[in-house]
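Reader: I should like to learn how the features of a protein model are read. May we go through them in turn, with the structure in view?

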Amino acid sequence: MPDTRTIRAHLENLVARAAAAAVAAGDLPDVAIPGAAIERPKDPANGDFASTLPLRLARSAMRPPVELANAIARHIPSDPAIELPVVAPPGFINFRLSEGFLQQQVEHIIATGPAFADSSLGAGRRAQVEFVSANPTGPLHVGNGRGAAIGDALANALAAAGYDVEREYYVNDAGTQADTFAETLYARYQQLFGRDVAIPENGYPGEYMIELAREIRDRHGDAYFRPGGEPAPEGFGDLGIELMVARIRQTLETFGVRYDRWFSERSLYEQGGAYEQVMAILRERGMLVEREGALWFASSELGDDKDNVVVRSDGRPTYYASDIAYHWDKFIRRGFNLVIDVWGADHHGHVSRVKTATRAVGADPDALHILLYQLVTVKRGGEVVRLSKRGGEIITLDELVEEVGPDAARFFFLYRSPGSQMDFDLDLAVRQSSENPVYYVQYAHARLCSILERAREQGLTPEGGDVGLLRQPHELALVREMMRLADVIESVATTFEPQQLPHYAMSLATAFHAFNDAFKQQNDPSLKVITDDEALSRARLRLVLAARIALARVLSLMGMSAPERM
C-alpha cells in the first residue's frame, strides 16, 4: 500500500492505467494521453485528491469532459487506498482516501519519526542558499532577521525534499564600504586616546563603533595608535571586520542559524581566484569593452537593457564584478545545481544583471533563483518604532530576540510572503493567547505532550494500539491534515515560498485543537482520548503521538523549538 509520500504518484498511476484501458476498450478515442496530474481539490468536500485529465483531454478527444471522466473512472480498479472514485462536473475524477489507508498513515508517521514527510524530489542534487550576507559594518537589524528566517527555513525544506544543501554567508570585506568602516573605526580608536578627530562624513556613527574600538584597545592597547594625520595601520580594518563578523555570527547562532561556509569577498581577488578567471572568460568571449577609461561588460548583447561597468577608470573592480565572479565560483568551480540568493528588496535592480552574468560565464541562469524580501516595520502599541542603521538608531536583531524570543521572531518573519511588507507587532509576539499564532501552534504541541504524559501516569502508552479503531471524523480529519506536510515540503522546495510552513503549522494546530475539543464537547465517556476502553485509548494515543511528530517536524523546518510544557 502507498504511504503519505507516494499516494499522489500512486493515484497518477491508477488514472494513467485506467485511461490506457479505456482507449483499449474503445471507450476513449486513441489520442495522446497527457500526464494524469493529481491535485488537491479547493473544497475538501469534493474529496482528498482529484484528477483533471478529462478536462485536458476534451479538446483532442472532441468529447465533453464529464463523458471522458466517466469513461476513465469505469476502468479504475478497486484499490485499498481509496474509496470508489466520483465523477464531478465539469470533468473531475475525485478520490477520497479510504478509512483503512488513513489509519495506516498513523503507523507510517510514527515509523518515520523526525524524517516524516521527507521526499526524494531533489535526488541528492547540490543546492546552495546564500542569505543575510549583510555588510560587516554594523550589527544585524530586524530586516536582516527576516532574511535569516526565510533563508534558513528554505534550506531546511530543500534538505527535507532530498537536496544536498549548503548555507552560505557572503562577507563583503572588500570595497569602499569596508574602507569607510576602517576609517570610522580608527577615528573612534584615536578618540579613546584623547585625540580630537572626527569620523568620516559618510562614516558609521553608531555606538557599536565605539564598543569595537574599545574592544581593540582593551586587547591591544595603543599598538595601532599612530601619529596624528597618518592613516590607520595595516591590518587595523581587517581586525575590525573580524570582530564585527564574530558578533554577527553570534547573533545568528542565538537566532538558531548556522552556516556551512562564510565566504570572503576578498578571496575572489586572490591570485588565480574567481575574479581573474572570470575576466579571462569574458575577455575571450568578447564580452568586455573599454570605454570612457573603464572596462564594461557588454551585457546588452545578452538582452540586458544596458552595458555595465566591471572595472572603474581608477582600476578598482565594481560590486558587479564581484557578483559575476562569485556566481561563477558557485556554479562552475563548486558545481551547485541550484543556487538561491535571498536579498533585500532594495537589490531588485541587480536581479536581471546577475542572471545575465550567470549566463555569460557558462552557467544556467534558470538554476539561479533570487528571492527578494521586503522591509520590516516594527510596532509597539500600534505605533511605529523607527530604525535607521546609517543614523546610528537601530533596532538590532539581538534586541528583538531578547524581547520576543527567537521562535516568535522566526514565525512572524516567515508568516507573510517575502514579497509583502510586514508589520512586526511586538505586543502580539509575546501575548500568551490564541491571538498569537506562535503561542497557538506551540501550545498545541505542548498539549499533545501533556496528553501522552497524563496517559503514562495512568499506566497507558501508545505502544500496541490498534489504529483500526480510529474511525471518528475528527480523528481521520487530523490524519488528513498531517498527510499534507509532504505536499507542503515539496511545494516550498519548488516555489521557494517558505510562508507555506507557518500557515500549514496553523492548520495542523487547528486540526488538533478541533480533535481535542470534539472530545470535550461530548458527554459520552467513550468519546475521550483516554477512556475506560484501554484498546481505544491506546489507539488514540498512537494518533496523538503521530500528531506530535508531525507538528514537531514543521516547527523544526521553521527553525523553532517544540516545547513540551507551556
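The dialogue below takes up the chain as a whole, then its helices, its strands and some details of its backbone.

Author: Please keep in mind throughout that this is a predicted model.

Reader: How many helices and strands are there in the chain?

Author: The chain holds 18 helices and 15 strands. Its C-alpha trace spans about 90 × 65 × 40 Å along the principal axes.

Reader: What percentage of the residues of the chain count as buried?

Author: Of its 566 residues, 53% count as buried. As for contacts with a separation of 6 or more, 72% of them come from residues 24 or more positions apart.

Reader: How does one describe a pair of helices?

Author: Two packed helices are described by the angle between their axes and the distance between the axes. In this chain, helix α7 (residues 207-220) packs against helix α8 (residues 236-254) at an angle of about 115 degrees, and their axes are 11 Å apart. Angles of 65 to 115 degrees count as roughly perpendicular, and α7 and α8 are therefore placed in that class. Their crossing is right-handed.

Reader: Which residues of α7 and α8 make the contact?

Author: On the α7 side they are Tyr208, Glu211, Leu212, Glu215, Ile216, Arg219 and His220, and on the α8 side Phe236, Leu239, Leu243, Met244 and Arg247. Divided by class, this contact has seven nonpolar, one polar and four charged residues.

Reader: At what angle do the axes of α5 and α18 cross?

Author: The axes of α5 and helix α18 (residues 534-557) cross at roughly 125 degrees and come within 8 Å. That angle makes α5 oblique to α18. Ala153, Asn156, Ala157 and Ala160 of α5 meet Arg553, Ser556 and Leu557 of α18. The contact of α5 with α18 has four nonpolar residues, two polar and one charged.

Reader: How should one read a sheet?

Author: Strands of a sheet pair through backbone hydrogen bonds, either parallel or antiparallel. One open sheet here has four strands in the order β1-β2-β4-β3, with antiparallel pairing. The strands β1 (38-39) and β3 are at its edges with a single partner strand each, so one side of each has no neighbour in the sheet. Between β3 and β4 there are three bridges, and alanine 88 has phenylalanine 92 of β4 as its bridge partner.

Reader: Which strands form the open sheet with mixed pairing?

Author: That open sheet has three strands, in the order β14-β13-β15. Its edge strands, β14 (383-385) and β15 (422-425), each pair on one side only. From one strand to the next, the twist averages 45 degrees. Strand β13 (residues 376-380) runs parallel to β15, and four bridges join the two; threonine 377 is opposite aspartate 423 of β15. Across β13 and β15 lies helix α13 (residues 406-415), which runs at about 155 degrees to β15.

Reader: Which residues lie on the two faces of strand β9?

Author: Ala294 and Trp296 lie on one side of β9 (residues 294-297), Leu295 and Phe297 on the other, and all are buried. Strand β8 (residues 288-291) runs antiparallel to β9 and is joined to it by four bridges, with valine 289 opposite tryptophan 296. The two strands form a hairpin with two residues between them, and glutamate 292 in the turn has a positive phi of about 55 degrees. Strand β10 (residues 308-311) is also antiparallel to β9, through three bridges; here leucine 295 is opposite valine 311.

Reader: What should one look for in the backbone itself?

Author: Most residues other than glycine have a negative phi, and most peptide bonds are trans. In this model, the peptide bond that joins proline 89 and proline 90 is cis, with omega about 5 degrees. Proline 90 belongs to the loop between β3 (86-88) and β4 (92-95).

Reader: Is methionine 62 buried or exposed?

Author: Methionine 62 counts as exposed, because its relative accessibility is 73% and the cut-off for exposed is over 50%. Methionine 62 has a positive phi, near 55 degrees, and sits in the loop between α2 (53-61) and α3 (65-73). Serine 133 also has a positive phi, near 45 degrees, in the loop between β5 (126-131) and α5 (142-160). With 12% relative accessibility, serine 133 counts as buried.

Definitions and conventions. Residues numbered from 1 in each chain as written. Predicted model: local features only at pLDDT ≥ 70, side-chain atom pairs only at ≥ 80, totals over all residues. Heavy atoms only, no water. Buried < 20%, exposed > 50% of the residue type's maximum accessible area, 1.4 Å probe, protein only. Axes fitted to C-alpha atoms, helices over the stretch in contact; angles between N-to-C directions. Parallel < 35°, antiparallel > 145°, perpendicular 65-115°, else oblique. Left-handed = near helix turned anticlockwise from the far one by under 90°. Contact = heavy atoms within 4.5 Å. Nonpolar A, V, L, I, M, F, W, Y, C, P; charged D, E, K, R; others polar. Pairing = 2+ DSSP bridges.
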